[in-house]
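This report examines side-chain packing and charge pairing in a single protein chain. Aromatic pairs are taken up before the nonpolar cores, a helix and the salt bridges.

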Amino acid sequence: MRYGYWAPVFGGWLRNVPDERAASWENMSRLVRRSEQIGYDLTLIAELNLNDIKGIEAPALDAWSTTAALAAVTERIELMTAVRPNFHQPALFAKAAANIDRISNGRLALNVVSSWWAKEAESYGLQFDQHDDRYGRTQEWLQVLSRLWTEPRVDFEGRFYTLKDAIVEPKPTSTPQRPRPVIYAGGESEAAKTLIARHCDAYVMHGDEPEHIAAKVADMKARREAFGLPPMRYGMAGYAIVRDTETEAKAELERITTIPGLADGKPPAGFANFDQWLSGTQLERELKIREYSVSNRGLRPGFVGTPETVRERIEEFEAAGLDLLLLQMSPQEEEMERFSAQVIRPS
(Lines give C-alpha, C1' and ligand atoms only; values in the text may rest on other atoms or scores of the structure.)
Protein backbone atom coordinates (compact mmCIF):
# COMPACT_ATOMS: atom_id res chain seq x y z
CA MET A 1 0.00 0.00 0.00
CA ARG A 2 1.13 3.53 -0.78
CA TYR A 3 0.18 6.24 1.69
CA GLY A 4 -0.89 9.68 0.58
CA TYR A 5 -2.71 12.52 2.28
CA TRP A 6 -4.74 15.63 1.47
CA ALA A 7 -2.53 18.70 1.79
CA PRO A 8 -4.01 21.42 4.05
CA VAL A 9 -4.92 23.94 1.33
CA PHE A 10 -7.89 25.00 3.52
CA GLY A 11 -5.97 24.72 6.80
CA GLY A 12 -7.85 21.53 7.73
CA TRP A 13 -10.49 19.14 6.44
CA LEU A 14 -13.15 19.20 9.19
CA ARG A 15 -16.25 21.27 8.49
CA ASN A 16 -17.40 21.67 12.08
CA VAL A 17 -14.06 22.06 13.90
CA PRO A 18 -13.07 25.71 13.44
CA ASP A 19 -9.72 25.78 15.24
CA GLU A 20 -7.58 23.75 12.85
CA ARG A 21 -4.35 25.35 11.66
CA ALA A 22 -4.33 28.30 9.28
CA ALA A 23 -4.11 27.84 5.53
CA SER A 24 -0.59 29.20 4.97
CA TRP A 25 2.55 28.45 3.00
CA GLU A 26 4.50 28.12 6.26
CA ASN A 27 2.21 25.38 7.60
CA MET A 28 1.93 23.67 4.22
CA SER A 29 5.65 23.54 3.46
CA ARG A 30 6.58 22.36 6.96
CA LEU A 31 4.06 19.52 6.86
CA VAL A 32 4.91 18.30 3.36
CA ARG A 33 8.67 18.39 3.95
CA ARG A 34 8.22 16.44 7.17
CA SER A 35 5.84 13.93 5.57
CA GLU A 36 8.39 12.64 3.09
CA GLN A 37 10.80 12.03 5.99
CA ILE A 38 8.33 9.82 7.88
CA GLY A 39 7.15 7.52 5.11
CA TYR A 40 4.36 9.20 3.14
CA ASP A 41 4.51 8.61 -0.60
CA LEU A 42 2.18 11.25 -2.04
CA THR A 43 0.30 14.43 -1.26
CA LEU A 44 -2.93 15.50 -2.98
CA ILE A 45 -3.17 19.26 -3.45
CA ALA A 46 -6.80 20.19 -4.08
CA GLU A 47 -7.69 22.96 -6.54
CA LEU A 48 -10.56 25.18 -5.39
CA ASN A 49 -10.50 28.95 -5.41
CA LEU A 50 -13.27 29.08 -2.81
CA ASN A 51 -12.96 27.23 0.48
CA ASP A 52 -15.43 24.33 0.37
CA ILE A 53 -14.68 23.19 3.93
CA LYS A 54 -14.41 26.24 6.17
CA GLY A 55 -16.71 28.55 4.19
CA ILE A 56 -16.24 30.52 0.99
CA GLU A 57 -14.80 33.58 2.77
CA ALA A 58 -12.08 31.55 4.51
CA PRO A 59 -8.56 31.44 3.02
CA ALA A 60 -7.74 28.80 0.41
CA LEU A 61 -4.24 28.29 -1.00
CA ASP A 62 -3.81 28.29 -4.76
CA ALA A 63 -2.99 24.76 -5.89
CA TRP A 64 -0.56 25.36 -8.72
CA SER A 65 1.66 28.09 -7.30
CA THR A 66 1.81 25.99 -4.10
CA THR A 67 2.81 22.92 -6.12
CA ALA A 68 5.59 24.81 -7.91
CA ALA A 69 6.98 25.96 -4.57
CA LEU A 70 6.74 22.46 -3.06
CA ALA A 71 8.51 21.02 -6.10
CA ALA A 72 11.52 23.15 -5.23
CA VAL A 73 11.69 22.35 -1.50
CA THR A 74 10.94 18.59 -1.47
CA GLU A 75 12.94 15.65 -2.77
CA ARG A 76 10.94 12.43 -2.87
CA ILE A 77 7.21 12.84 -2.42
CA GLU A 78 4.84 12.62 -5.39
CA LEU A 79 2.90 15.86 -5.91
CA MET A 80 -0.58 14.94 -7.13
CA THR A 81 -2.25 18.25 -7.91
CA ALA A 82 -5.88 18.66 -8.84
CA VAL A 83 -6.64 20.41 -12.13
CA ARG A 84 -10.03 21.50 -13.41
CA PRO A 85 -10.06 21.76 -17.21
CA ASN A 86 -12.47 24.69 -17.23
CA PHE A 87 -9.91 26.63 -15.12
CA HIS A 88 -7.01 26.14 -17.58
CA GLN A 89 -6.47 26.56 -21.31
CA PRO A 90 -4.76 23.23 -22.13
CA ALA A 91 -1.74 24.47 -24.11
CA LEU A 92 -0.76 27.06 -21.49
CA PHE A 93 -1.33 24.50 -18.75
CA ALA A 94 0.81 21.91 -20.58
CA LYS A 95 3.67 24.42 -20.69
CA ALA A 96 3.45 25.37 -16.99
CA ALA A 97 2.96 21.80 -15.74
CA ALA A 98 5.89 20.50 -17.79
CA ASN A 99 8.10 23.12 -16.15
CA ILE A 100 6.89 22.19 -12.65
CA ASP A 101 7.53 18.53 -13.44
CA ARG A 102 11.10 19.42 -14.43
CA ILE A 103 11.59 21.41 -11.22
CA SER A 104 10.44 18.38 -9.20
CA ASN A 105 12.59 15.95 -11.20
CA GLY A 106 9.59 13.98 -12.41
CA ARG A 107 7.37 13.95 -9.31
CA LEU A 108 4.31 15.79 -10.64
CA ALA A 109 1.00 13.93 -11.09
CA LEU A 110 -2.42 15.27 -12.06
CA ASN A 111 -5.77 14.70 -10.39
CA VAL A 112 -8.16 15.70 -13.18
CA VAL A 113 -11.48 16.96 -11.81
CA SER A 114 -14.45 17.79 -14.01
CA SER A 115 -15.79 20.83 -12.16
CA TRP A 116 -18.95 20.42 -10.08
CA TRP A 117 -19.27 23.78 -8.28
CA ALA A 118 -21.34 26.26 -10.29
CA LYS A 119 -20.96 29.01 -7.66
CA GLU A 120 -17.19 29.00 -7.98
CA ALA A 121 -17.28 29.15 -11.78
CA GLU A 122 -19.74 32.03 -11.66
CA SER A 123 -17.66 33.93 -9.08
CA TYR A 124 -14.51 33.70 -11.20
CA GLY A 125 -16.12 34.21 -14.59
CA LEU A 126 -15.32 30.66 -15.72
CA GLN A 127 -17.18 28.42 -18.14
CA PHE A 128 -19.37 25.90 -16.31
CA ASP A 129 -20.61 22.95 -18.35
CA GLN A 130 -23.53 20.68 -17.61
CA HIS A 131 -22.71 17.13 -16.50
CA ASP A 132 -21.91 15.22 -19.70
CA ASP A 133 -20.41 18.34 -21.32
CA ARG A 134 -17.96 18.50 -18.44
CA TYR A 135 -16.62 15.11 -19.47
CA GLY A 136 -16.65 16.08 -23.14
CA ARG A 137 -14.46 19.06 -22.27
CA THR A 138 -12.22 16.94 -20.05
CA GLN A 139 -11.72 14.33 -22.76
CA GLU A 140 -10.71 16.95 -25.31
CA TRP A 141 -8.49 18.67 -22.76
CA LEU A 142 -6.67 15.41 -22.01
CA GLN A 143 -6.22 14.65 -25.71
CA VAL A 144 -4.63 18.06 -26.25
CA LEU A 145 -2.41 17.68 -23.18
CA SER A 146 -1.19 14.22 -24.18
CA ARG A 147 -0.29 15.35 -27.70
CA LEU A 148 1.49 18.49 -26.52
CA TRP A 149 3.59 16.41 -24.13
CA THR A 150 4.56 13.82 -26.76
CA GLU A 151 4.58 15.53 -30.18
CA PRO A 152 6.85 18.31 -31.49
CA ARG A 153 4.02 20.40 -32.99
CA VAL A 154 0.27 20.07 -32.54
CA ASP A 155 -2.73 21.13 -34.62
CA PHE A 156 -6.09 20.44 -33.00
CA GLU A 157 -9.65 21.42 -33.80
CA GLY A 158 -12.40 20.22 -31.49
CA ARG A 159 -15.64 21.32 -29.93
CA PHE A 160 -13.99 23.12 -27.01
CA TYR A 161 -10.39 23.83 -28.10
CA THR A 162 -8.54 24.83 -31.26
CA LEU A 163 -4.74 24.93 -31.58
CA LYS A 164 -2.54 25.65 -34.57
CA ASP A 165 1.13 24.67 -34.67
CA ALA A 166 1.41 24.61 -30.85
CA ILE A 167 4.80 23.77 -29.33
CA VAL A 168 5.59 22.79 -25.73
CA GLU A 169 9.28 22.59 -24.92
CA PRO A 170 10.79 21.41 -22.68
CA LYS A 171 8.44 18.52 -22.20
CA PRO A 172 7.88 16.79 -18.85
CA THR A 173 10.47 14.37 -17.51
CA SER A 174 10.08 11.03 -19.27
CA THR A 175 11.30 7.54 -18.35
CA PRO A 176 10.24 4.06 -19.56
CA GLN A 177 8.40 3.58 -16.25
CA ARG A 178 6.77 7.03 -16.36
CA PRO A 179 6.59 8.47 -19.87
CA ARG A 180 4.63 11.51 -18.63
CA PRO A 181 3.02 12.68 -15.36
CA VAL A 182 0.60 10.11 -13.98
CA ILE A 183 -3.05 11.12 -14.47
CA TYR A 184 -5.47 10.27 -11.67
CA ALA A 185 -9.22 10.91 -11.82
CA GLY A 186 -12.42 9.98 -10.02
CA GLY A 187 -16.10 9.85 -10.84
CA GLU A 188 -19.07 7.51 -10.56
CA SER A 189 -21.21 8.33 -13.59
CA GLU A 190 -21.08 6.25 -16.75
CA ALA A 191 -19.50 9.15 -18.64
CA ALA A 192 -16.83 9.59 -15.97
CA LYS A 193 -15.87 5.92 -15.75
CA THR A 194 -15.63 5.53 -19.52
CA LEU A 195 -13.41 8.60 -19.83
CA ILE A 196 -11.14 7.56 -16.95
CA ALA A 197 -10.70 3.99 -18.21
CA ARG A 198 -9.69 5.27 -21.63
CA HIS A 199 -7.56 8.36 -20.87
CA CYS A 200 -6.19 8.11 -17.32
CA ASP A 201 -3.68 5.99 -15.43
CA ALA A 202 -5.35 5.69 -12.03
CA TYR A 203 -8.86 5.69 -10.57
CA VAL A 204 -9.47 7.39 -7.22
CA MET A 205 -12.64 6.82 -5.20
CA HIS A 206 -14.52 8.28 -2.26
CA GLY A 207 -14.33 6.24 0.92
CA ASP A 208 -16.49 3.13 1.15
CA GLU A 209 -16.68 -0.42 2.49
CA PRO A 210 -14.17 -2.96 1.08
CA GLU A 211 -16.81 -4.94 -0.82
CA HIS A 212 -18.03 -1.82 -2.63
CA ILE A 213 -14.46 -0.81 -3.49
CA ALA A 214 -13.75 -4.32 -4.80
CA ALA A 215 -16.77 -4.09 -7.12
CA LYS A 216 -15.67 -0.68 -8.43
CA VAL A 217 -12.14 -1.94 -9.03
CA ALA A 218 -13.46 -4.99 -10.92
CA ASP A 219 -15.67 -2.77 -13.06
CA MET A 220 -12.83 -0.43 -13.99
CA LYS A 221 -10.49 -3.34 -14.71
CA ALA A 222 -13.02 -4.74 -17.17
CA ARG A 223 -13.42 -1.34 -18.84
CA ARG A 224 -9.66 -0.93 -19.09
CA GLU A 225 -9.20 -4.38 -20.61
CA ALA A 226 -11.94 -3.66 -23.15
CA PHE A 227 -9.85 -0.73 -24.40
CA GLY A 228 -6.76 -2.94 -24.60
CA LEU A 229 -4.85 -0.76 -22.15
CA PRO A 230 -2.44 -1.71 -19.33
CA PRO A 231 -3.64 -2.07 -15.73
CA MET A 232 -4.60 1.01 -13.72
CA ARG A 233 -3.76 2.05 -10.18
CA TYR A 234 -6.54 2.39 -7.59
CA GLY A 235 -6.81 4.84 -4.71
CA MET A 236 -9.40 5.78 -2.08
CA ALA A 237 -10.04 8.64 0.33
CA GLY A 238 -10.24 7.93 4.04
CA TYR A 239 -10.16 9.66 7.42
CA ALA A 240 -7.91 8.07 10.05
CA ILE A 241 -8.16 8.13 13.85
CA VAL A 242 -5.55 5.95 15.56
CA ARG A 243 -5.52 5.64 19.36
CA ASP A 244 -4.20 3.22 21.97
CA THR A 245 -7.73 2.02 22.79
CA GLU A 246 -11.03 1.75 20.95
CA THR A 247 -12.65 3.96 23.62
CA GLU A 248 -10.19 6.77 22.92
CA ALA A 249 -10.75 6.45 19.17
CA LYS A 250 -14.52 6.61 19.56
CA ALA A 251 -14.21 9.69 21.78
CA GLU A 252 -12.23 11.45 19.08
CA LEU A 253 -14.79 10.41 16.47
CA GLU A 254 -17.49 11.95 18.65
CA ARG A 255 -15.49 15.17 18.90
CA ILE A 256 -15.09 15.68 15.17
CA THR A 257 -18.67 14.75 14.27
CA THR A 258 -20.43 16.91 16.86
CA ILE A 259 -22.07 19.80 15.01
CA PRO A 260 -22.59 22.95 17.11
CA GLY A 261 -26.23 24.02 17.31
CA LEU A 262 -27.67 20.86 15.75
CA ALA A 263 -29.29 19.60 18.95
CA ASP A 264 -30.96 23.00 19.48
CA GLY A 265 -32.35 23.12 15.95
CA LYS A 266 -29.85 25.80 14.97
CA PRO A 267 -27.29 24.04 12.76
CA PRO A 268 -24.75 26.05 10.77
CA ALA A 269 -25.86 27.21 7.32
CA GLY A 270 -23.48 24.79 5.67
CA PHE A 271 -25.20 21.82 7.29
CA ALA A 272 -28.63 23.09 6.31
CA ASN A 273 -27.53 23.18 2.68
CA PHE A 274 -25.98 19.72 2.97
CA ASP A 275 -29.09 18.32 4.67
CA GLN A 276 -31.31 19.64 1.89
CA TRP A 277 -29.00 18.23 -0.77
CA LEU A 278 -29.27 14.75 0.76
CA SER A 279 -32.98 14.99 1.57
CA GLY A 280 -33.91 12.58 -1.23
CA THR A 281 -31.45 9.87 -0.17
CA GLN A 282 -31.94 6.89 2.12
CA LEU A 283 -28.96 7.74 4.32
CA GLU A 284 -29.54 7.52 8.04
CA ARG A 285 -29.28 10.83 9.88
CA GLU A 286 -26.16 9.76 11.78
CA LEU A 287 -24.48 8.90 8.51
CA LYS A 288 -25.56 12.25 7.07
CA ILE A 289 -23.87 14.04 9.94
CA ARG A 290 -20.68 12.06 9.43
CA GLU A 291 -20.73 12.74 5.68
CA TYR A 292 -21.03 16.46 6.44
CA SER A 293 -18.31 16.51 9.10
CA VAL A 294 -15.68 14.70 7.01
CA SER A 295 -15.51 15.23 3.26
CA ASN A 296 -15.16 12.61 0.53
CA ARG A 297 -17.03 9.97 2.58
CA GLY A 298 -13.86 9.66 4.62
CA LEU A 299 -15.38 7.88 7.61
CA ARG A 300 -16.99 5.06 5.64
CA PRO A 301 -13.80 2.95 5.32
CA GLY A 302 -13.58 2.60 9.10
CA PHE A 303 -9.97 3.64 9.79
CA VAL A 304 -10.90 4.35 13.41
CA GLY A 305 -9.45 2.37 16.30
CA THR A 306 -6.21 0.92 17.62
CA PRO A 307 -3.15 0.57 15.36
CA GLU A 308 -3.83 -3.14 15.03
CA THR A 309 -7.47 -2.56 14.05
CA VAL A 310 -6.54 0.05 11.45
CA ARG A 311 -3.76 -2.10 9.94
CA GLU A 312 -6.17 -5.05 9.64
CA ARG A 313 -8.72 -2.80 7.96
CA ILE A 314 -6.13 -1.56 5.48
CA GLU A 315 -5.30 -5.18 4.60
CA GLU A 316 -8.95 -5.68 3.66
CA PHE A 317 -8.71 -2.82 1.19
CA GLU A 318 -5.47 -4.18 -0.24
CA ALA A 319 -7.30 -7.45 -0.86
CA ALA A 320 -10.05 -5.46 -2.59
CA GLY A 321 -7.50 -4.11 -5.09
CA LEU A 322 -6.45 -0.76 -3.60
CA ASP A 323 -2.83 0.36 -3.78
CA LEU A 324 -3.15 3.96 -2.54
CA LEU A 325 -4.83 5.60 0.45
CA LEU A 326 -5.50 9.36 0.40
CA LEU A 327 -5.83 10.17 4.08
CA GLN A 328 -7.25 13.05 6.08
CA MET A 329 -6.44 13.60 9.77
CA SER A 330 -6.75 16.38 12.36
CA PRO A 331 -4.82 18.05 13.85
CA GLN A 332 -2.87 17.07 10.79
CA GLU A 333 0.79 17.25 11.76
CA GLU A 334 0.37 15.43 15.07
CA GLU A 335 -1.94 12.78 13.64
CA MET A 336 0.27 12.13 10.62
CA GLU A 337 3.21 11.53 12.96
CA ARG A 338 1.11 9.11 15.02
CA PHE A 339 -0.19 7.25 11.94
CA SER A 340 3.33 6.93 10.54
CA ALA A 341 4.81 5.58 13.78
CA GLN A 342 1.96 3.16 14.56
CA VAL A 343 0.63 2.09 11.15
CA ILE A 344 3.09 2.81 8.32
CA ARG A 345 6.30 2.08 10.25
CA PRO A 346 5.34 0.24 13.44
CA SER A 347 8.30 -0.76 15.60
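W6, F10 and W13 are joined into a cluster by ring pairs. The model in which this cluster appears is a predicted one. Across the structure there are 7 aromatic pairs. In one of them, F93 and W141 adopt a tilted arrangement, with 5.1 Å from centre to centre and 45 degrees between the planes. Because F93 belongs to helix α3 and W141 to helix α5 (residues 131–150), this pair ties together parts that are 48 residues apart in sequence. Both partners are buried: F93 has a relative accessibility of 5%, and W141 has a relative accessible area of 0%.

A further pair is formed by F303 and F317, whose ring centres are 5.4 Å apart; their planes stand at 65 degrees, so the pair is edge-to-face. The reasoning rests on the cut-off for that class, which is over 60 degrees between planes. F303 lies in strand β10 (residues 303–305) and F317 in helix α11 (residues 307–319), so parts 14 residues apart in sequence are tied together. Here too the rings belong to buried residues, F303 with a relative accessible area of 1% and F317 with 0%.

**Nonpolar cores**

Nonpolar side chains tend to be buried together in soluble globular proteins. In this model, the largest nonpolar core comprises 90 residues. Y3, Y40, L110, L148, Y184, F303 and F339 are the residues with the most contacts inside this core. Helix α5 supplies the largest share of the core, 7 residues. The surroundings of F339 illustrate the packing: leaving aside residues up to four places away in sequence, F339 touches Y3, Y40, A240, V242, V310, I314, L327, M329 and I344. Apart from the largest core lies another, of 10 residues, including L14, I241, I256 and V304.

**The buried face of α2**

Which residues of α2 are buried? They are A63, W64, T66, T67, L70 and A71. Viewed down the axis of α2, these buried residues fall within an arc of 150 degrees, so they line one face of the helix. An α-helix has 3.6 residues a turn, so residues three or four places apart point the same way. The cover over the buried residues of α2 includes the helices α1 and α3 (90–103), together with the strands β2, β3 (78–83) and β4 (108–112). At the start of α2, D62 places a side-chain oxygen within 3.3 Å of the backbone nitrogen of W64.

**Salt bridges**

Side chains of opposite charge can pair when their charged atoms come close. A search of the whole structure yields 28 salt bridges. The table sets out three of them.

| Pair | N to O distance | Sequence separation |
|---|---|---|
| R15 and D52 | 3.5 Å | 37 residues |
| E20 and K54 | 2.4 Å | 34 residues |
| E337 and R34 | 2.6 Å | 303 residues |

The salt bridge between R15 and D52 links distant parts of the chain, with R15 in the loop between β1 (2–6) and α1 (25–37) and D52 in the loop between β2 (42–45) and α2 (63–73). Both residues are partly exposed, R15 at a relative accessible area of 21% and D52 at 26%.

The side chains of E20 and K54 also meet in a salt bridge, and this pair joins the loop between β1 and α1, which holds E20, to the loop between β2 and α2, which holds K54. Are these two residues buried or partly exposed? E20 counts as buried, at 15% relative accessibility, because the cut-off for buried is under 20%. K54, in turn, is partly exposed, with a relative accessible area of 26%.

In the third salt bridge, the side chain of E337 meets that of R34, which brings helix α12 (residues 332–344), where E337 is located, together with helix α1, where R34 is located. E337 is partly exposed at 31% relative accessibility, and R34 is partly exposed at 37%.

Salt bridges also join into a network, whose members are E188, D208, K216, E291, R297 and R300.

Notes
Residues are numbered from 1 along each chain as its sequence is written. This is a predicted model: local features need pLDDT of at least 70, side-chain atom pairs count only at pLDDT 80 or more; totals for chains, interfaces and linings use all residues. Side-chain values use heavy atoms; hydrogens and water are left out. A salt bridge is a side-chain nitrogen of Lys or Arg within 4 Å of a carboxyl oxygen of Asp or Glu. Helices (H or I, at least four residues) and strands (E, at least two) are DSSP runs, numbered from the N terminus. Buried means under 20% relative accessible area, exposed over 50%, partly exposed in between (1.4 Å probe, protein chains only). The arc is that of the directions from the helix axis to the C-beta atoms. Contact means heavy atoms within 4.5 Å. A polar contact is a pair of N or O atoms within 3.5 Å; within protein, one must be able to donate a hydrogen and the other to accept it, and residues adjacent in sequence count only if both atoms are side-chain atoms. Rings of Phe, Tyr and Trp (its six-membered ring) pair if their centres lie within 6.5 Å; planes under 30 degrees apart count as stacked, over 60 as edge-to-face and the rest as tilted. A nonpolar core is a set of buried Ala, Val, Leu, Ile, Met, Phe, Trp, Tyr and Cys residues joined through side-chain atoms within 4.5 Å.
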